[in-house]
Amino acid sequence: MPRPARACRPIRLLLAALACALVCLMAPLASAAGGRFAGADEAWSQGELEKAQKLYEQALAAGGLEPKEVVIAYSRIGTVKAALKDSKGALSAFRTAATIDPAFKLPADSGPIAKKLYAQAHAEAAAQGEKLSVAISAPDNTPAKQPFTLEVSIPGGFAVLVAEVAVTIEDPVTHKKWEKKKPAEPSLSFEFPKAAAVPGARLKVTARAVDGEKNAWALAETAIKVDGTRSVASMDDGEVSPFEDDKPKKKEDKGGGFFAGPLPWIIGGALLVGGVVVFAVTRPSGDVTVGAPSWQ
């Protein structure tokens, strides 16, 4: 009679093969947005500007871009639109880029129309006094094998510009991840399970404010040291074990909210601050290409 260990070996090999096949199938999906963005960059560098514009729009629609990539995409989309005499579309794209990074640079060799619209978007962003950002409030240390809570905040009035906030915790040793998501609000609490508090781990915490296509408009990172000593048993094969996300809930009107923040009155893109009318962004509507905010 064969020993149990040998009997289990074919099963383990089969499971390993299935896991490898799954990774191979998922990899093209995970890199789709990155591939489109790289293709757009290549087209841009070769001077194929209209092709680059379409590829940047596709990359934004696919989602999963980081803030710097989103800024590059919108700034170059705006530049092409300005060259095509689409001033409204160009200004919309520049305003989006300025919301994410008020100091973003205009692409080299941009035409006079793009430069004028860029200056307008830049001035409007500067007039707001703040910018979209994410802050994480987390303990430096947390007890092992105990649930813990993180607080995430966005400057008042800016939460309306993004769809949701996603917080990911990763154990760098095992690469296990736990993720929670909630509709964007100025202040949010995220509770993570005791399984995430691995003894002796130094957990990496990342919070992202994302648009409707999961492109990050702002992010923040920190680390949490878990008390205790890591055991050999906790250092498994490193498979990812995501925690069940919070199901998105409809936002409740708690009174005040956005209209009580630093951007109190926004009507058709016009912002009234201290009696002075400037322009500001509004949450992207469902009928706007690649998720760009709509300005009147």
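**Exercise 1. How many of the 17 residues of helix 4 are buried?**

Before we start, note that this is a predicted model, in which local features need pLDDT of at least 70, side-chain atom pairs count only at pLDDT 80 or more, and totals for chains, interfaces and linings use all residues. Residues are numbered from 1 along each chain as its sequence is written, and side-chain values use heavy atoms, with hydrogens and water left out.

*Solution.*
- Step 1: locate helix 4 at residues 67–83; helices here are DSSP runs of H or I with at least four residues, numbered from the N terminus.
- Step 2: apply the cut-offs, where buried is under 20% relative accessible area, exposed is over 50%, and partly exposed lies in between (1.4 Å probe, protein chains only).
- Step 3: count. Helix 4 has 13 buried residues out of 17, so it is mostly covered.

**Exercise 2. Find how helix 4 is oriented against helix 5.**

*Solution.*
- Step 1: take the axes, which are lines fitted to C-alpha atoms over the stretch in contact, with angles from 0 to 180 degrees between N-to-C directions. Helix 4 and helix 5 pack at about 160 degrees, and their axes lie 8 Å apart.
- Step 2: classify. Helix 4 is roughly antiparallel to helix 5, since angles under 35 degrees count as roughly parallel, over 145 as roughly antiparallel, 65 to 115 as roughly perpendicular and the rest as oblique.
- Step 3: look at the contact (heavy atoms within 4.5 Å). Among the residues making it are Val 70, Tyr 74 and Gly 78 of helix 4 and Ala 93, Phe 94 and Ala 97 of helix 5.

**Exercise 3. Do the same for helix 5 and helix 6.**

*Solution.*
- Step 1: the angle between helix 5 (residues 87–100) and helix 6 is about 40 degrees, with 9 Å between their axes.
- Step 2: this pair is therefore oblique.
- Step 3: the contact includes Leu 91, Phe 94 and Arg 95 of helix 5, along with Leu 117, Tyr 118 and Ala 121 of helix 6.

**Exercise 4. Map the buried and exposed sides of helix 6.**

*Solution.*
- Step 1: list the buried residues of helix 6, namely Ala 114, Leu 117, Tyr 118, Ala 121, Glu 124, Ala 125 and Gln 128.
- Step 2: see where they point. They span an arc of only 130 degrees around the axis (taken from the directions to the C-beta atoms), which places them on the same side of helix 6.
- Step 3: turn to the face directed away from the buried side, where Pro 112, Lys 116 and Ala 126 are exposed.
- Step 4: follow the chain onward. Gly 129, just after helix 6, has a positive phi of about 80 degrees.

Notes:
Helix = DSSP H or I, 4+ residues; strand = E, 2+ residues; numbered from the N terminus.
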